Amino acid sequence: MQVRVTLARGRLTAIAVLKGEHREGPSADALARLTKRALASQNAKIDAVSGATYTSEGYRSSLQSALDRAGG
């Protein structure tokens, strides 16, 4: 899993999934939910999506890494 973050004035404004199995099915729904949660909380400390544990873990890890690199 690899995500790219966009920050504006220190706020997380967008998250794009660059790599990962996310094109269709349950993973796509889980990624949409995770993105919504991350944007609302402004960090990677978000709850996993039920039934998508591995996707959630990969997303959170990649998001935290991207935020660390961006200084967020």
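**From a hairpin to a helix face**

Let's start in the sheet: L7 has L12 of strand 2 as its bridge partner. This is a predicted model, and that pair belongs to a set of seven bridges joining strand 1 to strand 2, with the two strands running antiparallel. Two residues sit between the strands of this hairpin, and R9 takes a positive phi near 55 degrees there.

Now go over to helix 2, which covers residues 53-70. With 18 residues at 1.5 Å a residue, this helix should span 26 Å, and its end C-alpha atoms are indeed 26 Å apart, so the two agree. Right after the helix comes G71, with a positive phi of about 80 degrees.

Which residues of helix 2 are buried? They are T55, S56, Y59, S62, L63, A66 and L67. Look down the helix axis and these buried residues fall within an arc of 140 degrees, so they line one face. The spacing makes sense, because an α-helix has 3.6 residues a turn and residues three or four places apart point the same way. Y54, D68 and R69, on the other side of helix 2, are exposed.

What does the buried side pack against? The buried residues of helix 2 meet strand 1 (2-8), strand 2 (11-19) and helix 1 (26-41).

That brings us to the largest nonpolar core, which has 16 residues; V5, I15, Y59 and L63 touch the most other members. Strand 1, strand 2, helix 1 and helix 2 each give two or more residues to this core. Take I15 as an example: leaving aside residues up to four places away in sequence, I15 touches V3, R4, V5, T35, A38, L39, Y59 and L63.

Conventions. Residues numbered from 1 in each chain as written. Predicted model: local features only at pLDDT ≥ 70, side-chain atom pairs only at ≥ 80, totals over all residues. Heavy atoms only, no water. Helix = DSSP H or I, 4+ residues; strand = E, 2+ residues; numbered from the N terminus. Expected span 1.5 Å × (residues − 1). Buried < 20%, exposed > 50% of the residue type's maximum accessible area, 1.4 Å probe, protein only. Arc of directions from axis to C-beta. Contact = heavy atoms within 4.5 Å. Core = buried A, V, L, I, M, F, W, Y, C linked by side-chain atoms within 4.5 Å. Pairing = 2+ DSSP bridges.
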